[in-house]
Amino acid sequence: MAEQVDLVIFGGTGDLSTRKLLPALYQLHRHGLADDLRRIVATGRAEKDRETFLSEAHANTRRFVPTEDWDSAVWESFCQHLHYHTLDAAEAPHYQSLGELLDTAAAPLRLFYLATLPALYGDICAHLQEAGCVSPQSRVVLEKPLGHDLTSCRDIHRRVGEVFPEEATFRIDHYLGKETVQNLLAVRFGNPLLQPLWNNSFVDNVQITVAESIGVEGRGDYYAHTGALRDMVQNHLLQVLSMVAMEPPSSLDPWAIRDEKVKVLRCLQPITAATIKACSVRGRYDAGAVDGQAVRGFLEEADFEQASNTETFVALRAHIDNWRWAGVPFYLRTGKRMSRRYSEIVIEFRRPPFSLFANDPNELSNKLVIRLQPEETISLHTLNKKPGLTRKLRLQPVELHLTEDAWQRDHSYDAYERLLLDAINGDQTLFMRGDEVETAWRWVDSIIAAWEETGQPVKPYNAGTMGPSAATALVAVDGRNWYE
Ligand SMILES: NC(=O)c1ccc[n+]([C@@H]2O[C@H](COP(=O)([O-])OP(=O)(O)OC[C@H]3O[C@@H](n4cnc5c(N)ncnc54)[C@H](OP(=O)(O)O)[C@@H]3O)[C@@H](O)[C@H]2O)c1
């Protein structure tokens with residue numbers, strides 16, 4: 001890190017700051033990775049003095065940092081950097097006083113982290129500029145959601161862009177901060193043996209699953225206006241898809257990588273009213289049981305009228321119209337209250353053209369399985385002989401683990417640690433560029449328009465299952481199964 005940095009967090013008292021940002025900053029400090037971070041100024045509307053904020057931050061951070069990582073001496077030195085500033089986003093004088101605070105022993109570089117309501121992003125940036133808080137070295141970090149559709153996303157981009165250029169704008173998708181997503185680049189482009197296989201001649205299908213076991217957790221009314229497609233597919237699943245499907249970039253430069261990602265998003269075949277029924281399934285959880293606990297249905301947790309047409313589960317068959325991927329289905333699915341929490345990418349290779357073995361042909365494929373959570377692992381599923389004296393030769397799957405224990409131990413950091421460090425260092429590789437986000441919205445908007453035009457219903461599923469049976473059928477009609 002070259003220059004001293006002041007970090008200002010808008011929404012510094014919110015859930016994201018409490019659970020993720022302050023614990024991540026504590027961890028960076030503990031590892032000596034944030035030595036040039038001079039001040040962290042958390043903002044919120046409540047009037048409170050620094051001592052009160054520090055005492056709350058101490059209790060919260062201690063809760064969300066693993067016990068074995070907690071060190072009171074580290075906290076004492078960390079909180080020397082921690083400040084609180086009362087700020088209502090709409091109040092211009094509050095930015096003046098923020099500017100005065102920052103001007104005292106000013107750090108050359110300012111990083112403004114917007115972890116608050118996206119509807120406030122435009123005003124916050126404009127007020128910061130009016131108050132003289134923004135210099136050419138300043139940067140802004142934007143949390144999702146970046147709008148509700150393409151129009152609202154463009155509006156945020158326009159207003160933020162009036163103050164911060166693209167090179168200074170860091171749009172977070174915390175999935176990109178996961179080590180396995182970055183390792184995907186290393187595995188794909190560091191191993192020439194995979195290169196000839198990474199295309200429609202050898203890949204049969206790709207599956208991306210982001211399954212959550214939690215429900216809407218008190219965010220029912222927000223979620224009823226959002227749904228799984230906007231909340232998860234528009235960002236996390238399409239980001240992962242673009243990392244899997246991108247062409248080799250010309251270098252590891254952030255612009256080169258993001259150029260290739262956006263090209264994939266542009267090649268997504270639009271889903272229209274004519275194809276929507278065959279290509280998508282919408283679901284909504286009813287009451288059921290997760291981890292042995294009875295749980296309520298979505299309609300009991302949110303405003304009934306709005307929620308009754310909101311999906312808490314979506315499954316899609318997507319196609320990428322380019323030479324590499326033509327004809328290869330990318331199956332995407334995500335949902336709440338599913339049987340277990342996990343996120344996974346499965347690249348299934350084509351089966352042999354003719355089988356010599358006594359197995360069910362469905363068992364005979366090689367797969368590269370990339371697990372993003374709860375654990376981060378990569379394994380290659382190969383086939384070898386089932387041991388024994390039987391006359392007929394049978395195959396059995398054998399997993400080659402491409403991640404070893406030492407690798408797992410060494411990278412056990414939270415995605416927010418990686419992303420905060422990169423934003424402080426000015427590295428945009430793992431942040432979404434504006435055109436990527438807009439292109440993703442364009443594709444998602446076409447699906448929402450097709451749902452509306454055709455009145456596609458939301459199908460119920462029991463909490464604690466993997467979604468409606470129609471999602472199984474979406475893949476089964478192609479002669480395939482979801483990899484579970
Ligand atoms: N929570 C997560 O896990 C998560 C994950 C990904 C993205 N996000 C995104 O991150 C952002 C924050 O989420 P959150 O869950 O932390 O929300 P939250 O718990 O509701 O916190 C909102 C924060 O914004 C502040 N705030 C609200 N209105 C304000 C105003 N008019 N002026 C100044 N500050 C204001 C609140 O401060 P006071 O109430 O103290 O004024 C609070 O610090 C949202 O965009 C969310 O979608 C959250």
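Which residue lies over the face of Y342, and at what distance from the ring centre? In the predicted model, the residue in question is R340, placed 4.0 Å from the centre of the Y342 ring. A second contact of this kind involves K48, whose charged end sits over the ring of Y84 at 5.3 Å from the ring centre.

At the level of the whole chain, the domain assignment gives domain 1 as residues 5-143 and domain 2 as residues 176-413 + 433-476. The C-alpha centres of domain 1 and domain 2 are separated by 34 Å.

The aromatic residues were examined next. Across the whole structure, the search returns 16 aromatic pairs. One of them is formed by F53 and Y84, which are stacked with 5.2 Å centre to centre and an angle of 25° between the planes. Because F53 belongs to helix α2 (residues 50-64) and Y84 to strand β3 (residues 82-86), the pair ties together parts that are 31 residues apart in sequence. Both F53 and Y84 are buried. The ring of Y84 therefore takes part in the stacked pair with F53 and also lies beneath the charged end of K48. Elsewhere, Y223, Y285, F298, F313 and Y461 make up one aromatic cluster.

Strand β7 (203-211) is mostly covered, with 9 of its 9 residues buried. Strand β7 is joined to strand β13 (residues 342-349) by 8 bridges, and the two run antiparallel. Within this pairing, Q207 has V346 of β13 as its bridge partner. With strand β12 (residues 330-335), by contrast, β7 pairs in the parallel sense over 6 bridges; here the bridge partner of V206 is F330.

Strand β8 (residues 280-286) is also mostly covered, 6 of its 7 residues being buried. The pairing of β8 with strand β11 (residues 313-318) is antiparallel and extends over 4 bridges, with R282 opposite V314. The pairing of β8 with strand β17 (residues 459-462) is parallel and likewise comprises 4 bridges, with G283 standing opposite K459.

R282 of this region also appears in the pocket analysis. The second largest pocket has a volume of about 300 Å³. Its lining consists of 17 residues, of which R230, R282, N309, I448 and E452 are the closest to the pocket centre. Two or more lining residues are contributed by each of the helical or strand elements α9 (227-245) and α15 (434-454).

Several features of backbone geometry fall in loops. The peptide bond from K144 to P145 is cis, with omega near 0°, and P145 is located in the loop between β5 (139-142) and α6 (150-161). A cis peptide bond is also found from Q373 to P374, with omega near 5°; P374 is placed in the loop between β14 (367-373) and β15 (377-385).

Positive phi values in residues other than glycine include those of E217 and R337. For E217, phi is about 50°, and the residue is situated in the loop between β7 and α8. With a relative accessible area of 48%, E217 is classed as partly exposed, because the cut-off for an exposed residue is over 50%. For R337, phi is near 55°, and the residue lies in the loop between β12 and β13. R337 has a relative accessibility of 11% and therefore counts as buried, the limit being under 20%.

The loop between β7 (203-211) and α8 (220-224) also holds G218. G218 has a relative accessible area of 84% and is therefore exposed. Between G218 and L176, the separation is 42 residues in sequence and 26 Å in space, C-alpha to C-alpha. L400, in turn, is found in strand β16 (residues 395-401). At a relative accessible area of 42%, L400 is partly exposed. The C-alpha atoms of L400 and L368 lie 9.4 Å apart, with these positions 32 residues apart along the chain counted as their sequence separation.

How values were computed
Residues numbered from 1 in each chain as written. Predicted model: local features only at pLDDT ≥ 70, side-chain atom pairs only at ≥ 80, totals over all residues. Heavy atoms only, no water. Domains from an automatic or database assignment. Buried < 20%, exposed > 50% of the residue type's maximum accessible area, 1.4 Å probe, protein only. Pairing = 2+ DSSP bridges. Phe/Tyr/Trp six-rings, centres within 6.5 Å; stacked < 30°, edge-to-face > 60°. Lys NZ or Arg CZ within 6 Å of the ring centre and 35° of its normal. 1 Å grid on protein atoms, 1.4 Å probe; cavity = no way out; pocket = protein on both sides within 12 Å on 5 of 7 lines; lining within 4 Å. Points joined across faces, edges and corners; volume = space filled by probe spheres on them.
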